[in-house]
Structures are given as C-alpha cells and as structure tokens.
Amino acid sequence: MNYSLDIKLKAQKIKLAAFDIDGVMTDGSLTYLPDGTQAKTFNAKDGLGVVMLNVAGYKTAIITAKETKAVSERAKTLNITKLFMNQKNKILALNELCREFELSYDEIMYMGDDLPDMEVLKNCGLAVCPNDAVDEVKSICDIVTSKDGGRGAVREICDFLLKVKGVTFEDLRKPSQQ
C-alpha cells in the first residue's frame, strides 16, 4: 500500500476503527440454517488485525444494520470496544461513538461496502472500503483495499493503521511497561 501523504496524515489521527459486518468482515454471503438463524464466516487474519489494533490502544467498533448472535459472538471474541446492531441509520452510531469516547469525526476510521454505509463514510476522518464494494461507495472512499470483504480487507487496513503509527507486531508482543 503506497498512499499519499494526505492519506497517511489522516490515518495518523485515527483513534477508533469502526467496521460494518456483511461485505466487510464477511464476504457478504448470508447463510440461513434450518432453524432460521443466520451463520456467518469470518476471516481469522482479519480478526487478528482487529485484535492488534486493540492491543495498540485503538478503540474498535462494529456498526451493522442486522442483529445476529454470530456478530455478537465475533465482537466478544475480538474484544470489540463498542457493538451497534440493528442500526438502520448508522450516523447515529457514529455520533454516539464521538460522544462516548470524546472523539471528533476526523479521529474515526470507518470501513463499509454498500449504500447504507455512505453517510458514515462521508463524515468520518478516514473512509475505507473493500475492493468489492459498490461503485458509489468506492467513489467516496479515501482508501479502497486491494482485498475483498471477508478476504483480508480488514487486515489490510489494520496493518496500514499500525504502520503509519510506527507500531510493529513485535511491539505488540512485548509485555506492557507498568
């Protein structure tokens, strides 16, 4: 990833990374089980990226329009700071994140892939989407990852955020100095 100085400066301001689920943390497939519940497949490398952000001191959030047990379990596994499900108007969640963590929009990165994500993407400090996002979303994003949703896009942006702050995997493995 070779980004402009402007994009790197935007990324250096980020304190909270927020993600959509379907099409971002998953490939967008919806699998319904015989009992009517929904199953989702997540990428382990994407998950480690989010965990590394947490260890590095970033706040993390999920903002999704749906509500499923799979998402709440994934959020718990990754130690997501704040989970918003059933968000039909995602900008309300963005505003709540700003209030709760005393952040401005320019301190939040959001990764979305489809039309319901557009308002948040237009307002956040760093707008990101997977390579397979819809064209309308791609046209307003600061970064379009080289990877598709659920296939490493989340890890790609997590690695970039850590890199611009000069944080390495080895730094994250060191015991904290207290």
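Here is a short conversation about the nonpolar cores and strand pairing in this predicted model.

Residues are numbered from 1 along each chain as its sequence is written, and local features need pLDDT of at least 70, with side-chain atom pairs counted at pLDDT 80 or more, while totals for chains, interfaces and linings use all residues. Side-chain values rest on heavy atoms, without hydrogens and water.

User: Which helix supplies the largest share of the largest nonpolar core?
Analyst: Happy to help! A nonpolar core is a set of buried Ala, Val, Leu, Ile, Met, Phe, Trp, Tyr and Cys residues joined through side-chain atoms within 4.5 Å, where buried means under 20% relative accessible area with a 1.4 Å probe and protein chains only. The largest one has 33 residues. Helices (DSSP runs of H or I, at least four residues) and strands (E, at least two) are numbered from the N terminus, and the largest share of this core, eight residues, comes from helix H7.

User: Which residue in S6 does Phe 19 stand opposite?
Analyst: Strands pair if DSSP finds at least two bridges between them. S1 and S6 do so in the parallel sense over four bridges. In S6, the residue opposite Phe 19 is Met 111.

User: Are Met 109 and Met 111 on S6 buried or exposed?
Analyst: Both faces of S6 are covered. Ile 108 and Tyr 110 lie on one side, with Met 109 and Met 111 on the other, and all four of these residues are buried.

User: In which sense do S6 and S7 pair?
Analyst: Tyr 110 stands opposite Ala 127 in S7. Over three bridges, S6 and S7 pair in the sense called parallel.

How values were computed. Buried means under 20% relative accessible area, exposed over 50%, partly exposed in between (1.4 Å probe, protein chains only).
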